[in-house]
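Subject: Structure handover

Hello,

Here is the structure I promised to pass on. Please open it next to this email and follow along.

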Amino acid sequence: MSYTIEGSTGPWELVIGLEVHAQVISKSKLFSGAATEFGAEPNSQVSFIDAGFPGMLPVINRECVAQAVRTGLGLKAEINLWSRFDRKNYFYADLPQGYQISQYAHPIVGKGEVEIELADGTRKTVGITRLHLEQDAGKSLHDQHPTKSYIDLNRSGVALMEIVSEPDMRSPEEAGAYLSKLRQILRYLGTCDGNMDEGSMRADVNVSVRKPGEGYRTRCEVKNVNSVKFVMQAVEAEARRQIEVWESGGTVEQETRLFDTQRGLTRSMRSKEDAHDYRYFPEPDLPPLVLEKDWVEQIKATLPELPDARRARYVAMGLTPYDAHVLTLEKETAAFFETVAKGRDAKMAANWVTGDFFAALNRLKRDITDPPVTAENLGKLLDLIADNTISGKIAKDVFEIMIETGKAPGEIVEERGLKQVTDTGAIEKAVADVLAKNADKVAEYKAGKDKLFGFFVGQTMKAMQGKGNPALVNEVVKKLLG
Amino acid sequence: MSLDAATVRRIASLARIRLEEEEVGRMQAELNGILGWIEQLQEVDTEGVEPMAGGAPAGQPAMRMREDEVTDGSIADAVLANAPDRANDYFAVPKVVE
């Protein structure tokens with residue numbers, strides 16, 4: 001069933017494309033040697049190039065180029081060995097050059113694709129039109145003074161990748177899934193930290209509506225949406241607005257809009273009509289960017305495993321598709337799981353990570369990067385279960401003590417005497433005691449009340465403080481009841 | 001090709017250059033003169049010649065790349081030295097809100 005919104009004139013389809021700006025992970029800026037770190041003192045990471053001083057010349061950062069290539073390869077895209085920079089001209093207080101160095105006619109990366117998965121399990125491929133490198137602008141603060149705006153140029157000149165999708169998405173859910181997947185891929189590649197709160201990833205959302213079977217109608221662009229949730233809300237709000245315009249006999253005008261997250265509506269930016277006349281021309285300060293084929297091949301050879309491949313590998317290791325999905329969502333979670341599972345039973349490791357461990361994270365409001373129990377220690381706990389030192393039940397108690405004390409599981413088991421009893425003599429004695437104390441129930445059992453078997457096992461385990469080896473206890477109870 | 005007065009005004013506005021009404025005519029004549037020279041260049045036969053990018057013909061020396069190292073910055077005072085107005089280490093400009 002395809003997604004539609006019901007208007008007064010019948011159902012409407014949505015057509016959605018995204019332009020995502022992703023800040024490149026690099027130490028220094030795209031064309032200058034100033035640092036890129038987030039949160040520094042204002043204007044402390046600014047060179048004369050970033051401040052647009054006359055006569056300063058840009059020199060490109062090799063790592064930023066490599067990151068764009070890496071991302072292109074991760075999006076299964078064509079890498080253009082010859083690309084070029086252009087000037088995009090506009091005036092704004094946080095753009096000191098009066099232009100942004102960008103790639104317009106000849107981007108570094110061409111057509112690619114991203115596969116998304118929806119809640120109902122449907123898979124869909126979203127086309128990538130292009131990826132290009134460009135400079136970020138500075139930051140304006142409008143709320144510090146009644147009549148002035150304050151400008152910090154630390155972000156000015158930081159490398160951005162603009163990743164443009166085809167208009168292939170048809171519902172808010174697809175748009176959200178695409179942005180999540182893109183973020184996941186970039187984070188796996190290590191080319192963007194995907195930190196949407198800090199503005200490392202921002203999306204411009206293009207939306208139009210149409211009657212089923214029609215060609216494209218006029219689209220509007222909703223600028224600078226900074227979370228997956230807001231992208232989904234903005235798509236729906238903008239589509240509903242356009243449907244209302246069409247159905248009341250009006251015409252949707254192509255324009256740039258903003259998403260008001262408070263009211264959940266889009267509103268026009270009311271920019272002047274010529275605001276988009278960027279007068280692009282080839283950047284005269286830079287020769288063309290030419291890449292060696294071998295260099296691109298080297299980058300390709302060192303690409304990390306991407307989410308889809310990792311998920312498939314986990315399923316092959318015996319995990320359920322759901323566990324494989326959950327464990328690969330964030331690369332930090334996957335790394336944690338791999339440490340736990342290394343040399344151990346993968347399914348059991350997955351159960352512990354997605355079960356008790358995730359529950360502990362939620363309960364303690366901790367993050368995978370700040371886990372209450374290290375992956376190494378969780379692995380050691382699994383070893384103690386595997387070699388029958390402790391039972392699975394006791395392991396859960398040990399796990400809680402590990403959280404409280406931060407100690408290694410072996411130490412806890414030793415200190416608290418939690419070692420599983422596998423000595424049949426001791427177990428036989430415990431079982432015999434239980435049977436002796438419950439002679440009436442033994443009689444009932446022998447008269448055919450089979451269910452009481454579990455009672456005897458439970459009483460024995462209780463008497464042994466849970467330390468009896470469950471399989472042996474079962475065996476001995478069976479034997480003594482004869 | 002020749003520019004009309006409206007286009008001259010629009011170009012000036014896009015470039016944020018104030019043009020007094022009496023200057024429009026002179027500017028229009030100068031710009032049309034420049035366009036005339038460009039049109040002369042168009043007469044050169046460029047059949048089979050690759051377009052240039054950034055002042056170098058295609059296939060000519062490519063851009064040099066630098067290593068990813070922090071070699072600049074921490075010069076806020078120098079960067080702000082010519083600013084007409086500042087507030088601590090921020091540039092201060094007339095309020096611009098869209």
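My notes follow, chain by chain and then element by element.

First, a caution: this is a predicted model.

**Domains of chain A**

The domain assignment splits chain A into domain 1 (4-298), domain 2 (305-415) and domain 3 (424-481). The C-alpha centres of domain 1 and domain 3 of chain A are 68 Å apart.

**Chain B**

Chain B has 98 residues, and 11% of them count as buried. Its secondary structure amounts to 3 helices and 5 strands. Read from the N terminus, the order in chain B is α-α-β-β-β-α-β-β.

**Where the chains meet**

Chain A puts 45 residues into the contact, and chain B puts in 35. On the chain B side, helix H1 (5-14), strand S3 (65-66), helix H3 (76-80) and S5 each give at least two residues. The largest share of that side is from S5(B), with 5 residues. By type, the chain B side splits into 19 nonpolar, 5 polar and 11 charged residues.

Strands from both chains also pair. Look at these two places:

- Strand S10 (residues 148-152) of chain A runs antiparallel to strand S5 (residues 90-94) of chain B, with 4 bridges between them. Here Lys148(A) sits opposite Pro94(B).
- Strand S3 (residues 60-61) of chain A runs parallel to S3(B), joined by 2 bridges. Here Ile60(A) sits opposite Met65(B).

The S10(A) and S5(B) strands belong to an open sheet of 4 strands, ordered S9(A)-S10(A)-S5(B)-S4(B), with antiparallel pairing. Its edges are strand S9 (139-141) of chain A and strand S4 (86-87) of chain B, each paired on one side only.

**A hairpin in chain A**

Strand S7 (residues 112-117) and strand S8 (residues 123-135) of chain A are antiparallel and share 6 bridges. Ile116(A) is opposite Lys124(A) in S8(A). The hairpin has 5 residues between the strands, and Gly121(A) adopts a positive phi near 90 degrees there.

S8(A) has another partner in strand S11 (residues 159-165) of chain A: the two are antiparallel over 7 bridges. In that pairing, Gln135(A) faces Ala159(A) of S11(A).

**One loop residue**

Is Pro96(A) buried or exposed? Pro96(A) has 21 C-beta neighbours inside 10 Å, and the cut-off for buried is 20 or more, so Pro96(A) counts as buried. Pro96(A) is in the loop between strand S5 (86-89) and strand S6 (99-102) of chain A. Leaving out residues up to four places away in sequence, Pro96(A) touches Ala51(A), Gly52(A), Leu153(A) and Ser156(A). For a long-range check, take Gly417(A): it is 321 residues from Pro96(A) along the chain, and their C-alpha atoms are 69 Å apart.

**A helix pair in chain A**

Helix H9 (residues 375-386) and helix H11 (residues 409-416) of chain A have axes that come within 8 Å and cross at roughly 50 degrees. That angle falls between the 35 degrees limit for roughly parallel and the 65 degrees where roughly perpendicular starts, so H9(A) and H11(A) are oblique to each other. H9(A) makes the contact with Asn377(A), Lys380(A), Leu381(A) and Leu384(A), and H11(A) with Pro409(A), Gly410(A) and Val413(A). The residues of this contact are 4 nonpolar, 2 polar and 1 charged.

Best wishes

Conventions. Residues are numbered from 1 along each chain as its sequence is written. Chains are lettered from A and ligands numbered from 1 in the order in which they are written. This is a predicted model: local features need pLDDT of at least 70, side-chain atom pairs count only at pLDDT 80 or more; totals for chains, interfaces and linings use all residues. Axes are lines fitted to C-alpha atoms, for helices over the stretch in contact, and angles run from 0 to 180 degrees between N-to-C directions. Angles under 35 degrees count as roughly parallel, over 145 as roughly antiparallel, 65 to 115 as roughly perpendicular and the rest as oblique. Two residues are in contact if their C-beta atoms, placed from the backbone, lie within 7 Å. Ala, Val, Leu, Ile, Met, Phe, Trp, Tyr, Cys and Pro count as nonpolar, Asp, Glu, Lys and Arg as charged, and the others, Gly among them, as polar. Two strands pair if DSSP finds at least two bridges between them. Domain bounds come from an automatic or database domain assignment. A residue is buried if 20 or more other C-beta atoms lie within 10 Å of its own, exposed if 12 or fewer, and partly exposed in between; C-beta atoms are placed from the backbone.
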